[in-house]
Amino acid sequence: MESTYLPVINKAVSRIGLGTWAMGGWMWGGSIEQESIDTIVKAVDLGVNLIDTAPVYGFGFSEEVVGKALKKINNRSEIVISTKCGLEWKEGKVFRNASRERINKEVGDSLKRLRTDYIDIYYVHWPDSLVSLEETGEAMYDLFKSGKILSVGVSNFNTDQMLEFGSHSPIHFSQPPYNIFERDIEKEELPYCLENNIFLMTYGAICRGLLSGKLNIKSAFKGDDLRKADPKFREPRFRQYLDAVTKLNQFAEECYGKTAAELAIKWILQNGVSIALLGARTPDQLSIYKNISGWKITSEDFKRIDGIIKETVKDPVGPEFMAPPIRKEREVRK
């Protein structure tokens with residue numbers, strides 16, 4: 001497993017991190033607790049030492065699962081925990097709240113669920129237009145100075161927001177969506193982070209399963225599965241993206257003896273990203289983690305990959321559908 005050294009937390013971290021959104025069950029059709037714990041334990045056995053979670057993943061359930069797995073692993077000092085704040089939920093509906101009050105409540109709740117006394121990497125999950133970035137940044141900086149969190153991150157922030165936030169708190173990490181199909185950060189956010197020594201830990205490596213090679217035109221998504229709302233999984237786009245995956249799979253096999261999913265992860269790691277998050281919720285889904293090290297995509301093949309996508313995906317769309325709503329107004333407490 002490839003690793004990278006992160007000086008702010010003074011640890012070497014696996015370049016593939018385990019994403020636990022699906023373990024929360026919410027928006028992924030449910031989850032089985034013991035199976036999720038077993039997945040985390042096996043991932044650590046494979047050399048993965050970064051686990052990414054968030055309170056909103058199952059409304060606390062994902063963090064609780066991670067906490068139980070940490071107790072079973074019993075090696076906290078070697079594990080890097082990444083979690084988030086700034087989202088609130090009521091009656092199953094999620095909205096943004098990055099106020100100081102909310103952040104201070106969330107960090108305490110997360111520490112309890114994770115069964116730890118510090119968080120290695122703590123992100124503001126989404127910017128909140130009803131709260132100044134000064135308030136949010138200063139709240140995060142105070143947590144950093146207190147030692148409750150070892151580093152500060154922002155997720156889904158654009159460059160203007162990072163610039164403003166950064167005047168009130170250091171930014172050590174940025175977590176945007178990024179994969180072969182969703183490349184918006186290449187315009188501004190990615191170069192900004194590289195120029196300002198902000199580590200990139202990106203999510204959505206296989207684009208919500210699209211690049212797994214396991215979907216077909218008859219694939220159905222049930223219950224609260226977020227892909228029911230994703231334009232990529234609706235016709236006529238769905239067929240275009242599936243065609244792209246078929247061609248990428250053929251290309252990866254012929255040139256590298258790999259799958260489209262393995263190619264997609266390596267592609268991210270060769271594009272300036274320090275850590276790519278890869279979601280899993282069953283132990284058998286971890287086999288891909290063993291096939292990313294020891295090879296590289298050539299510069300010529302990067303161009304060929306671009307050509308395949310341009311040829312097949314005629315109506316591309318980004319991940320904008322995932323953005324949570326903003327509250328109608330900020331509550332004023334007396």
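## Charges over rings

Let's start with a lysine sitting on a ring: Lys266 lies over the face of Trp295, with 5.5 Å to the ring centre. Keep in mind that this is a predicted model. A second case of this kind involves Lys145, which lies over the face of Tyr141 at 4.5 Å from the ring centre.

## Aromatic pairs

Searching the whole structure turns up twelve aromatic pairs. One of them joins Tyr178 and Trp267, a tilted pair with 5.2 Å from centre to centre and 40° between the planes. Where do the two rings come from? Tyr178 is in the loop between β10 (173–175) and α6 (189–195), while Trp267 belongs to helix α8 (residues 260–269), so this pair ties together parts that are 89 residues apart in sequence. Tyr178 and Trp267 are both buried.

Next up are Phe221 and Phe233: their ring centres are 5.3 Å apart and their planes sit at 85°, so this pair counts as edge-to-face. Phe221 and Phe233 both lie in the loop between β11 (199–202) and α7 (237–256), so the pair ties together parts that are twelve residues apart in sequence. Buried or exposed? Phe221 has 16% relative accessibility and therefore counts as buried. Phe233 comes in at 8% relative accessibility, so Phe233 counts as buried too. The grouping goes beyond the pair, since Phe221, Phe233 and Phe238 form one aromatic cluster.

## Around Leu200

Strand β11 is home to Leu200. With a relative accessibility of 2%, Leu200 counts as buried because the cut-off is under 20%.

What does Leu200 touch, leaving aside residues up to four places away in sequence? The list runs through Ser174, Pro176, Leu190 and Cys193, and then Gly272, Val273, Ser274 and Ile275. For a backbone reference, the C-alpha atoms of Leu200 and Glu189 are separated by 9.6 Å, and the two residues are eleven apart along the chain.

## Helices α3 and α4

Now for some helix packing. Helix α3 (residues 100–114) packs against helix α4 (residues 133–146) at an angle of about 30°, and their axes are 9 Å apart. Angles under 35 degrees count as roughly parallel, so α3 is roughly parallel to α4. Their crossing is right-handed.

Which residues make the contact? On the α3 side they are Arg100, Ile103, Asn104 and Val107. From α4 come Glu135, Thr136, Glu138, Ala139, Met140, Asp142 and Leu143.

Technical notes. Residues are numbered from 1 along each chain as its sequence is written. This is a predicted model: local features need pLDDT of at least 70, side-chain atom pairs count only at pLDDT 80 or more; totals for chains, interfaces and linings use all residues. Side-chain values use heavy atoms; hydrogens and water are left out. Rings of Phe, Tyr and Trp (its six-membered ring) pair if their centres lie within 6.5 Å; planes under 30 degrees apart count as stacked, over 60 as edge-to-face and the rest as tilted. Helices (H or I, at least four residues) and strands (E, at least two) are DSSP runs, numbered from the N terminus. Buried means under 20% relative accessible area, exposed over 50%, partly exposed in between (1.4 Å probe, protein chains only). A charge sits over a ring if NZ of Lys or CZ of Arg is within 6 Å of the ring centre and within 35 degrees of the ring normal. Contact means heavy atoms within 4.5 Å. Axes are lines fitted to C-alpha atoms, for helices over the stretch in contact, and angles run from 0 to 180 degrees between N-to-C directions. Angles under 35 degrees count as roughly parallel, over 145 as roughly antiparallel, 65 to 115 as roughly perpendicular and the rest as oblique. A crossing is left-handed if the near helix is turned anticlockwise from the far one by less than a right angle, and right-handed if clockwise.
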